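Subject: Structure handover and findings

Hello,

Here is the structure for you to take over. Please load it first, then read the notes below.

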Amino acid sequence: MIKTKKIFIFLAIFLMLIMPVFSLAQTSTELIPCGKTLQADKTIGATTYKKGEVIPCNFTDFMKLIDNVIKFILYKLAIPIAAIMFAYAGFKMVTSGGSTESRTQSKSIFTNTALGLIFVAGAYLLVKTILSILGYDGAWLGF
């Protein structure tokens with residue numbers, strides 16, 4: 001019963017922290033680069049689109065979509081969650097009161113969080129490399 005209660009508390013806090021990110025996904029960063037109705041005349045490449053037209057999607061837009069999703073996951077989800085986990089582990093270590101069990105658990109949280117960030121960064125670099133091989137010429141390091 002106590003374990004189930006801890007899981008529900010964790011899920012509730014997690015959802016409270018993550019839901020604003022998902023609800024602002026389309027407005028804060030444009031994840032989908034095409035298929036929008038133009039509000040004014042716009043020239044993309046050699047083609048000029050008039051107000052009210054829909055920008056057609058192509059392979060470059062698909063690559064941009066993958067790039068946007070990866071950046072969203074890395075910058076808006078992984079890094080803030082890792083910061084929260086580092087803060088939690090630090091708080092747990094400071095308040096351990098000399099308990100070796102609590103110190104060991106907090107060191108484990110630090111290690112797992114660092115390994116998770118390394119894993120996410122490696123996946124980010126792998127996807128960016130594959131995108132550049134496929135011909136997407138966006139900024140390679142995301143700057």
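In which helix does Lys128 lie? Lys128 sits in helix α4, which spans residues 100–133. Keep in mind that this is a predicted model.

**Lys128 and Asp67**

Start with this pair. Lys128 has a relative accessible area of 4%. The cut-off for buried is under 20%, so Lys128 counts as buried. Its partner is Asp67, found in helix α3. Asp67 is at 1% relative accessibility, so it is buried as well. The two side chains make a polar contact with each other, at 2.4 Å. That contact links a residue of α4 to a residue of α3. What else does Asp67 touch, once residues up to four places away in sequence are set aside? The list is Lys128, Leu131 and Tyr136.

**Overall layout**

The protein chain has 143 residues. It holds 4 helices and 2 strands. Read from the N terminus, the order is α-α-β-β-α-α. Of the residues, 20% count as buried. The accessible surface comes to about 10,200 Å². Carbon and sulfur atoms account for 71% of that surface. Now the contacts. Take those between residues at least 6 apart in sequence: 50% of them join residues at least 24 apart.

**Leu74**

Leu74 is another residue of helix α3. Is Leu74 buried or exposed? Its relative accessibility is 11%, so it counts as buried. Leave out the neighbours within four places in sequence, and Leu74 is in contact with Ile79, Val120 and Tyr124. Val120 is 46 residues away from Leu74 along the chain. Their C-alpha atoms are separated by 7.2 Å.

**Ala83 and Ala40**

Two alanines give a contrast to the buried residues above. Ala83 is also in helix α3. Its relative accessibility is 45%, so Ala83 counts as partly exposed. Ala83 and Thr113 are 30 residues apart in sequence. In space, they are 8.9 Å apart, C-alpha to C-alpha.

Where is Ala40 found? It is in the loop between α2 (25–28) and β1 (42–44). Ala40 has a relative accessible area of 46%, which makes it partly exposed. Ala40 and Gly52 are 12 residues apart in sequence. The distance between their C-alpha atoms is 7.4 Å.

**The largest pocket**

This part may interest you for any grid work. About 500 Å³ of space lies in the largest pocket. Two elements give two or more residues to its lining: α1 (2–23) and α3 (59–94). How many residues line the largest pocket? There are 15. Those nearest its centre are Phe10, Ile13, Phe14, Ile84 and Met85. Helix α1 supplies the largest share of the lining, 9 residues. As for chemistry, the lining has 13 nonpolar residues and 2 charged ones. No polar residues are part of the lining.

**In short**

Helix α3 comes up throughout. It carries Asp67, Leu74 and Ala83. It also contributes to the lining of the largest pocket. For a quick look, open the 2.4 Å polar contact between Lys128 and Asp67. Then turn to the pocket, with Phe10 and Met85 among the residues nearest its centre.

Best wishes

How values were computed:
Residues numbered from 1 in each chain as written. Predicted model: local features only at pLDDT ≥ 70, side-chain atom pairs only at ≥ 80, totals over all residues. Heavy atoms only, no water. 1 Å grid on protein atoms, 1.4 Å probe; cavity = no way out; pocket = protein on both sides within 12 Å on 5 of 7 lines; lining within 4 Å. Points joined across faces, edges and corners; volume = space filled by probe spheres on them. Nonpolar A, V, L, I, M, F, W, Y, C, P; charged D, E, K, R; others polar. Buried < 20%, exposed > 50% of the residue type's maximum accessible area, 1.4 Å probe, protein only. Contact = heavy atoms within 4.5 Å. Areas by Shrake-Rupley, 256 points an atom, 1.4 Å probe, with all protein chains shown as cover. Polar contact = N/O pair within 3.5 Å; in protein donor to acceptor, adjacent residues only side chain to side chain.
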